Amino acid sequence: MSICELWVARCAAAAIDSGFDLDLLSFGEERTFFSRDYDASMVHSVSLTFDVDSITVAPSEDGNVHLSWYSRNPQKDELSVTDGILSLKAARKSLISLNVRNYDAVLSLPADFDGKLRVSTSTGSISVSDLKPNRLALEATTGSIRLSNLNVAESIDTESSTGSVYMTNVASAEIARRGSTGSAKLTDVSANALNARVTTGSIALDAVDAQSLTLRATTGSISGTLAGRMADYTIRSSVSTGSNSLPEALDGGARTLNADTTTGSIRLSFADAK
């Protein structure tokens with residue numbers, strides 16, 4: 001028996017003695033590929049929960065709903081379509097795994113899908129593009145979130161503990177980005193209300209148009225270009241350590257802008273500077 005095999009055997013024996021769930025211990029785990037197809041009329045809302053997969057959501061070519069993923073334990077996957085809600089909760093990941101292969105899940109929706117879309121993954125990235133859902137809720141514990149070419153009627157809510165959020169050509173009534181460690185980069189984004197908060201990371205805005213903005217970075221800078229003139233905004237800003245291109249207080253504007261950072265600078269400009 002090799003040293004590696006001996007080490008694995010001893011680990012497994014110790015795990016059994018301690019009552020550890022061996023389903024959470026995996027060395028080079030294999031997965032089974034699954035795919036499911038649904039008529040568009042069957043699905044009005046989608047909820048996906050994964051542990052270690054990256055997830056891509058994009059329009060389907062035939063106008064129907066298609067879902068594919070790699071299951072580590074098919075008996076423990078929870079898949080259902082009930083009252084128009086397509087739900088998949090994948091089995092738990094292994095706590096210890098020597099497998100380095102990426103397993104990506106893909107969801108294809110009709111281009112005119114206007115329901116709620118919720119996607120969550122613990123260790124993996126999320127990408128959503130070219131859709132018009134009514135509401136969008138995304139959570140990635142460790143991984144990035146990328147949104148592009150989206151028109152979301154009600155709200156976009158993104159949350160990540162360790163990972164950045166990128167939005168390009170995105171519009172919604174309300175947009176929220178919450179994160180602990182990771183930046184937010186928003187390009188050609190419009191909203192009635194935009195709320196971006198990061199603990200460690202920067203907020204970068206390019207051609208952002210919102211009636212109400214709340215920008216907060218504990219350790220990191222806030223920079224970029226906003227629509228309109230400075231006079232269009234009622235402004236409150238604060239910087240503890242760093243420079244600030246905004247007045248601490250400015251009244252009279254129909255739009256509102258609240259920006260503050262503890263360690264970092266605020267460097268915001270306006271598209272109609274004159």
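How does Arg178 count at 34% relative accessibility: buried, partly exposed or exposed? Arg178 counts as partly exposed, because its value falls between the cut-offs of under 20% for buried and over 50% for exposed. We'll come back to this arginine below, once the overall layout is clear.

## The chain at a glance

First, a caveat: what you're looking at is a predicted model. The chain has 274 residues, and 41% of them count as buried. Its secondary structure comes to one helix and 19 strands, so expect to spend your time looking at strands.

Sequence-distant residues do meet up here. Take the contacts in the chain with a separation of 6 or more: residues 24 or more positions apart account for 39% of them. On the outside, the chain exposes about 13300 Å², and 48% of that is supplied by carbon and sulfur atoms.

## The nonpolar core

The largest nonpolar core has 59 residues. Leu117, Leu147 and Leu257 are the ones with the most contacts inside it. As a rule, nonpolar side chains in soluble globular proteins tend to be buried together.

Leu147 is a handy place to start looking. Leaving out residues up to four places away in sequence, Leu147 touches Val128, Leu136, Leu138, Ile156, Thr158, Tyr166, Met167, Thr168 and Val170. Two of those partners turn up again in the strand pairing: Leu138 stands opposite Thr158 in S11.

## Strands S8, S10 and S11

Strand S8 covers residues 116–123, and S10 covers residues 135–142. The two pair in the parallel sense over seven bridges, with Thr123 standing opposite Thr142 in S10. S10 also pairs with strand S11 (residues 145–162), again in the parallel sense and over seven bridges. S10 therefore has S8 and S11 among its pairing partners.

Thr121 is found in S8. Is it buried or exposed at 1% relative accessibility? Thr121 counts as buried, because 1% is under the 20% cut-off. Not counting residues up to four places away in sequence, Thr121 touches Phe50, Asp51, Val52, Asp53, Ile55, Ile126, Glu139, Ala140 and Thr141.

## Salt bridges

The count comes to seven salt bridges. In one of them, the side chains of Glu154 and Arg135 meet at 3.7 Å, N to O. That pair links distant parts of the chain, with Glu154 in strand S11 and Arg135 in strand S10, 19 residues apart. Glu154 is partly exposed, with a relative accessible area of 41%, and Arg135 counts as partly exposed at 35%.

Now back to Arg178. Arg178 forms a salt bridge with Glu159, and the closest N and O atoms are 3.2 Å apart. Arg178 lies in strand S12 (residues 165–181) and Glu159 in strand S11, so the pair ties together parts that are 19 residues apart in sequence. Glu159 counts as partly exposed too, at 33% relative accessibility. Another bridge joins Arg229 to Asp232, with the closest N and O atoms 3.0 Å apart. Arg229 is partly exposed, with a relative accessible area of 38%; for Asp232, also partly exposed, the figure is 22%. There's a network as well: salt bridges that share partners join Asp157, Glu159 and Arg178.

## The loop at Ser183

Where is Ser183 found? Ser183 is in the loop between S12 and strand S13 (184–200). At 24% relative accessibility, Ser183 counts as partly exposed, because that value is above the 20% cut-off for buried.

The C-alpha atoms of Ser183 and Val198 are separated by 7.0 Å, although the two are 15 residues apart along the chain. Setting aside neighbours within four places in sequence, Ser183 is in contact with Gly163, Ser164, Val165, Arg177, Gly201 and Ser202.

## Strand S19 and its two faces

Strand S19 (residues 266–270) has a covered face made of Ile266, Leu268 and Phe270. Arg267 and Ser269 make up the uncovered one. Why the back-and-forth along S19? In a regular strand the side chains alternate between the two faces of the sheet.

S19 also has a pairing partner. Strand S15 (residues 222–226) pairs with S19 in the parallel sense over five bridges. Within that pairing, Arg267 in S19 is the bridge partner of Ser223, and Arg267 belongs to the uncovered face.

How values were computed:
Residues are numbered from 1 along each chain as its sequence is written. This is a predicted model: local features need pLDDT of at least 70, side-chain atom pairs count only at pLDDT 80 or more; totals for chains, interfaces and linings use all residues. Side-chain values use heavy atoms; hydrogens and water are left out. Helices (H or I, at least four residues) and strands (E, at least two) are DSSP runs, numbered from the N terminus. Buried means under 20% relative accessible area, exposed over 50%, partly exposed in between (1.4 Å probe, protein chains only). Contact means heavy atoms within 4.5 Å. A nonpolar core is a set of buried Ala, Val, Leu, Ile, Met, Phe, Trp, Tyr and Cys residues joined through side-chain atoms within 4.5 Å. Accessible areas come from the Shrake-Rupley method with a 1.4 Å probe; for residues, only the protein chains shown count as cover. A salt bridge is a side-chain nitrogen of Lys or Arg within 4 Å of a carboxyl oxygen of Asp or Glu.
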